Amino acid sequence: MTAVHEAAATPEYTRDTVSEAIARTGRQPYDYARHELVEPDWRRLPGWHDVTEAQWRDAQWQRAHCVKNTRQLRAVMGDLLTERFYDDLAADQEQMATMSTLLPPQMLNTMAPHAPTTPEAFTRAFYADPVRRYMLPVRSDRHPDWPTHPLATRDSLHEAEMWVVEGLTHRYPTKVLAELLSTCPQYCGHCTRMDLVGNSTTQVDKHKLTLKPVDRQEQMLDYLKRTPGVRDVVVSGGDVANVPWHQLENFLMRLLDIDSVRDVRLATKALAGLPQHWLQPRVVEGLQRVATTARRRGVNLAIHTHVNHVQSVTPLVAEAARTALEVGVRDVRNQGVLLRGVNATPADLLDLCFALQGEANILPYYFYMCDMIPNAEHWRVAVWEAQALQHAIMGYLPGYATPRIVCDVPYVGKRWVHQVAEYDRERGVSYWTKNYRTHIELDDPDALTRRYPYYDPIQTLPESGKAWWRDHQDH
């Protein structure tokens, strides 16, 4: 080819920008467009027609008006929802739910924000809504053939088995999880701690923390003082937003007194589900005291929240995140869960990540594969599906803001989905290895050479794989 022909074959970008050319030809699998965050108008819902903005921004009003049952949902939604939905919700609570219903107005308001207001049309939109799908599950959501994997367990990650004192899970060599309490301001249907967190349901009689909070915290701090190999503490529950602030601040300040602790992460879905809590003056002022102390002592203080869909990222959520950053918290990061019907497409994940990163200053961090708990199969995705999603989202976001999709493998911990050691696609069994021992394996000579299994949802398998599991349900 001559130089003249080469020039003629080269795209002429001097007359057009690359983005315009892409928009015109539709060549990219995902087209980015910036969208301004919007707070849905809660007054569209009959029960909140007269609620003022001051009431809406009040954390105590939000907590006092949480929806906890079908009767309270009906009081908010009225005739917007047909009886079919209310009956479906009641059936799920009676037959399938592992978590009781607890929805702050803030979270309920992000469901079906643009739905028509005729009952049939609104009900269809409400059924299809991604936030509703995981925060307010109904009986018809559950998988008809395999609602539960045969090997699902209540404590799928064996966290309680790894407690060194009540509520303190020491699974990784340098990191611990401190569960200060067993309640949240809202309950997610897919909660991995469904055996402990929240009220009992007809299906699950919850375990209980037995120590008084002050005694539990004292034992946690004592263990950390005696275990200088731990440098990273995730302070969780439940949700730290349910710990009275003076108690939480006292615990954090004492935690910061331990020289070996270098990272502290506060786990709170309430930043998204009840941002009003994190905007209360006493909480903001207290968080600033903690952040100032952490910075002075060279400790990295971060907030980890849990947002699963772009609809949940509203101006109030952005305000809460930015306020935390302004008072000295080093990072606000998102740990979402990969859920079928909610966010398990490239577009859904990228829309969410761009809203978090670009509009709310929340760093996309992890997306966990939904854990193998009872009645969760309709949410779970297979390892190969997660691998495809990780591939699909690469290259769009900044590298530091591209979330890792991870499988939290029982007895192993978090592994990037491409770190699988062996994978039987027919039966949906993946095998994983690890490079450290938990404290319950210190004398296990095979801990670092063993291959640990994880299981795909059976409905994602080929017919031969489904047949195998039908024949081996008690495997």
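A cavity is a set of grid points where a 1.4 Å probe fits but cannot get out. Keep that in mind for the enclosed spaces on this tour. The model is a predicted one.

**Stop 1: the smaller enclosed space**

How much space lies in the second largest cavity? About 80 Å³. Select Gln93, Met99, Ser100, Pro137 and Gly189. Of the 15 residues that line this cavity, these are the closest to its centre. The full lining divides into eight nonpolar, five polar and two charged residues.

**Stop 2: the largest cavity**

The structure holds two cavities of 30 Å³ or more. Go to the largest, which has a volume of about 900 Å³. Select Thr192, Arg193, Ser236, Gln335 and Tyr368. They lie nearest the centre of the largest cavity, which is lined by 40 residues. By class, that lining has 18 nonpolar, 12 polar and 10 charged residues.

Now colour the strands around the largest cavity. S3, S4, S5 (263–267), S6 (300–305), S7 and S8 each supply at least two lining residues. Which strand has the largest share? S8 does, with four residues.

**Stop 3: the ten-stranded sheet**

Show the strands alone. Ten of them form an open sheet, in the order S1-S2-S3-S4-S5-S6-S7-S8-S9-S10. The pairing in this sheet is mixed. Look for the edges: S1 (163–165) and S10 each pair on one side only.

Zoom in on S3 (residues 175–179) and S4 (residues 232–236). These two strands pair in the parallel sense, over five bridges. To find one bridge, select Lys175; its partner in S4 is Asp232.

**Stop 4: helices on the sheet**

Bring the helices back and select residues 346–359. This is helix H16, and it lies across S7 (331–338), S8 (363–369) and S9. H16 runs at about 145 degrees to S8.

Next, select residues 383–393, helix H17. H17 packs on the sheet and touches S7, S8 and S9. The direction of H17 makes about 155 degrees with that of S9.

**Stop 5: a pocket beside S9 and S10**

From S9, move to the second largest pocket. About 200 Å³ of space lies in it. Select its lining in three groups:

- Tyr172, Pro173, Thr174 and Lys175.
- Tyr366, Arg404 and Val406.
- Lys414, Arg415, Trp416, Gln419 and Tyr436.

The elements that give two or more residues to this lining are S9 (404–409) and S10 (413–416). Which element gives the most? S10, with three residues. The lining of the second largest pocket divides into six nonpolar, two polar and four charged residues. Lys175 appears here as a lining residue, and it was also the bridge partner of Asp232 at Stop 3.

**Stop 6: the largest pocket**

The largest pocket holds about 500 Å³ of space. Select His35, Glu36, Leu37, Val310 and Gln311. Of the 21 residues that line the largest pocket, these are the closest to its centre. Colour the lining by class, and 11 residues are nonpolar, four polar and six charged.

**Stop 7: a pair of helices**

Select residues 245–256, helix H11, and residues 281–296, helix H14. The two pack with their axes 10 Å apart, at an angle of about 5 degrees. Are they roughly parallel or roughly antiparallel? Angles under 35 degrees count as roughly parallel, so H11 and H14 are roughly parallel to each other.

Show side chains where the two helices meet. On H11, pick Trp245, Glu249, Leu252, Met253 and Leu256. On H14, pick Arg282, Val283, Gly286, Leu287, Arg289, Val290, Thr293 and Ala294. This contact of H11 with H14 has eight nonpolar, two polar and three charged residues.

**Stop 8: the three-stranded sheet**

Finish with another sheet. Three strands form an open sheet in the order S11-S12-S13, with antiparallel pairing. The edge strands are S11 (422–424) and S13 (452–455), each pairing on one side only. Turn the view along this sheet to follow the twist, which averages 20 degrees from one strand to the next.

Select S12 (residues 429–432) together with S13. Four bridges join them, and they run antiparallel. For a last click, choose Val429 in S12. Its bridge partner in S13 is Tyr455.

Methods
Residues numbered from 1 in each chain as written. Predicted model: local features only at pLDDT ≥ 70, side-chain atom pairs only at ≥ 80, totals over all residues. Heavy atoms only, no water. Axes fitted to C-alpha atoms, helices over the stretch in contact; angles between N-to-C directions. Parallel < 35°, antiparallel > 145°, perpendicular 65-115°, else oblique. Contact = heavy atoms within 4.5 Å. Nonpolar A, V, L, I, M, F, W, Y, C, P; charged D, E, K, R; others polar. 1 Å grid on protein atoms, 1.4 Å probe; cavity = no way out; pocket = protein on both sides within 12 Å on 5 of 7 lines; lining within 4 Å. Points joined across faces, edges and corners; volume = space filled by probe spheres on them. Pairing = 2+ DSSP bridges.
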